[in-house]
Amino acid sequence: MSDALNRTMPSAVALPLKPMAIHKGLVARWLTPLLSAAILIAALWQLRHLDVRGVIAMVPRSPLFWLVFAAGYLAMPASEWVIYRRLWSLPGKGFLALLRKRISNEIVAGYSGELYFYAWARRHATMVGTPFGAIKDVSILSAVVANVCTLALAALSWRALVALNLGTDARVMILSAASIALPSLVALGLRKRLFSLPRAELGRIAVIHLLRIVATTVLAAALWAVTLPAAPLAWWLVLATLRMLVSRLPLIPNKDIVFAGLVAFTVGQSSQVTALLTMIAALWLITHLLLGAILAAVEILHPERTQ
């Protein structure tokens, strides 16, 4: 039995989990199209008041800007594709599903993308173990690694954050840091009950998450530096920390817009940094909306056959 399974999954690494029998009922068949429709409606709704031309007019014409922007945008779905490719022999079109997953989280609601990808994976991936358990493990590890990176950045930029005078004292900031660290400590303490994947696989996934977070943070700073090269390096470190802190807020879509608003509140509306971040945040949103609308419309008009 195991030899036959390995022959049918040449690109996957055998894991000590039982293969799963997929039952494609009404929910599995219709959940993905319904979520795609929700993405399309949310994208069209948010596009109605967005000044796309005004944002595009502010964007630098340098090809380097667009290369860095594209690399930063695709880093998350690319890293997750690597993870699920090993777990489930995820096909190439799984990258588009993961891209839709990210867009759904950004323009519909936080973690709605996990629901979409769960429905898609049940229909199209070669399952080993339970899809919900694997998605849960990957999501929890992503949060844990992101929390650790956020605390590390906060420690590095502590003096600069204090100098910003955010209206809080050191005790409040320490309590805030503890609130970020506590869920991660709980997850690690309950790892034997909480996680379903093997320990070695969990370690590999954590490393991929770490590399992705480092890459996206560096790419975000590079994007800011390309647009506003005169700003000192310390500014980019502080902004990267604030961006990571905002990214840890649960169930909030359009976190880049929230981040730009926080910076505007902190340094003032007239600042060049505020204008830069507002432009980039709007550009992220436009990309989410346009790609989300296109991908959702294609899936609705040409639904994939259940495999």
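Here is a chat between a visitor and a guide about how some labels in this predicted model are earned.

Visitor: Let's start broad: what makes up the secondary structure of this protein?

Guide: There are 14 helices and zero strands. Read along the sequence, the pattern is simply α-α-α-α-α-α-α-α-α-α-α-α-α-α. Of the 307 residues, 44% are buried. As for contacts between residues at least 6 apart in sequence, 77% join residues at least 24 apart.

Visitor: Why is S89 called buried?

Guide: Buried means under 20% relative accessible area. S89 comes out at 13%, so the label fits. S89 sits in the loop between α4 and α5, and its phi is positive, about 55°, although S89 is not a glycine.

Visitor: And what makes A155 exposed?

Guide: Exposed takes a relative accessible area over 50%. A155 has 56%, therefore A155 counts as exposed. You'll find A155 in helix α7. Its C-alpha atom is 9.3 Å from the C-alpha atom of T241, although the two residues are 86 apart along the chain.

Visitor: Why is α4 called oblique to α5?

Guide: Their axes come within 9 Å and cross at roughly 125°. Perpendicular runs from 65 to 115 and antiparallel starts over 145, so the angle falls in neither class and α4 is oblique to α5. The crossing is right-handed. Residues making the contact include Y73, W81 and Y84 of α4, along with F95, L98 and R102 of α5.

Visitor: How do the residues of that contact divide by class?

Guide: The contact of α4 with α5 has 11 nonpolar, two polar and three charged residues.

Visitor: What makes α4 oblique to α14, then?

Guide: Here the axes come within 12 Å and cross at roughly 60°. Roughly parallel needs an angle under 35 degrees, and perpendicular begins at 65, so this pair lands between those classes and α4 is oblique to α14. This crossing is right-handed. On the α4 side, F65, W66, F69, G72 and Y73 meet a set in α14 that includes M279, W284 and H288. The contact of α4 with α14 divides into eight nonpolar, three polar and no charged residues.

Visitor: How do α7 and α12 pack, and which residues meet?

Guide: They pack at an angle of about 145°, with their axes 9 Å apart. α7 passes α12 in a left-handed crossing. A146, C149, T150, L153, A154 and L156 in α7 meet L237, A240, T241, M244 and L245 in α12. By class, that gives nine nonpolar, two polar and no charged residues.

Visitor: How do you know that Y84 belongs to a nonpolar core?

Guide: Membership asks for a buried residue of a listed type, Tyr among them, joined to others through side-chain atoms within 4.5 Å. Y84 is in the largest nonpolar core, which has 64 residues, and Y84, L87, W88, F117 and W224 touch the most other members. Eight helices each supply at least two residues of this core, namely α4, α5, α6, α7, α11, α12, α13 and α14.

Visitor: Which helix gives the most to this core?

Guide: That's α14, with 11 residues.

Visitor: And where do nonpolar side chains tend to be in soluble globular proteins?

Guide: As a general tendency in soluble globular proteins, nonpolar side chains are buried together.

Technical notes. Residues numbered from 1 in each chain as written. Predicted model: local features only at pLDDT ≥ 70, side-chain atom pairs only at ≥ 80, totals over all residues. Heavy atoms only, no water. Buried < 20%, exposed > 50% of the residue type's maximum accessible area, 1.4 Å probe, protein only. Helix = DSSP H or I, 4+ residues; strand = E, 2+ residues; numbered from the N terminus. Axes fitted to C-alpha atoms, helices over the stretch in contact; angles between N-to-C directions. Left-handed = near helix turned anticlockwise from the far one by under 90°. Contact = heavy atoms within 4.5 Å. Nonpolar A, V, L, I, M, F, W, Y, C, P; charged D, E, K, R; others polar.
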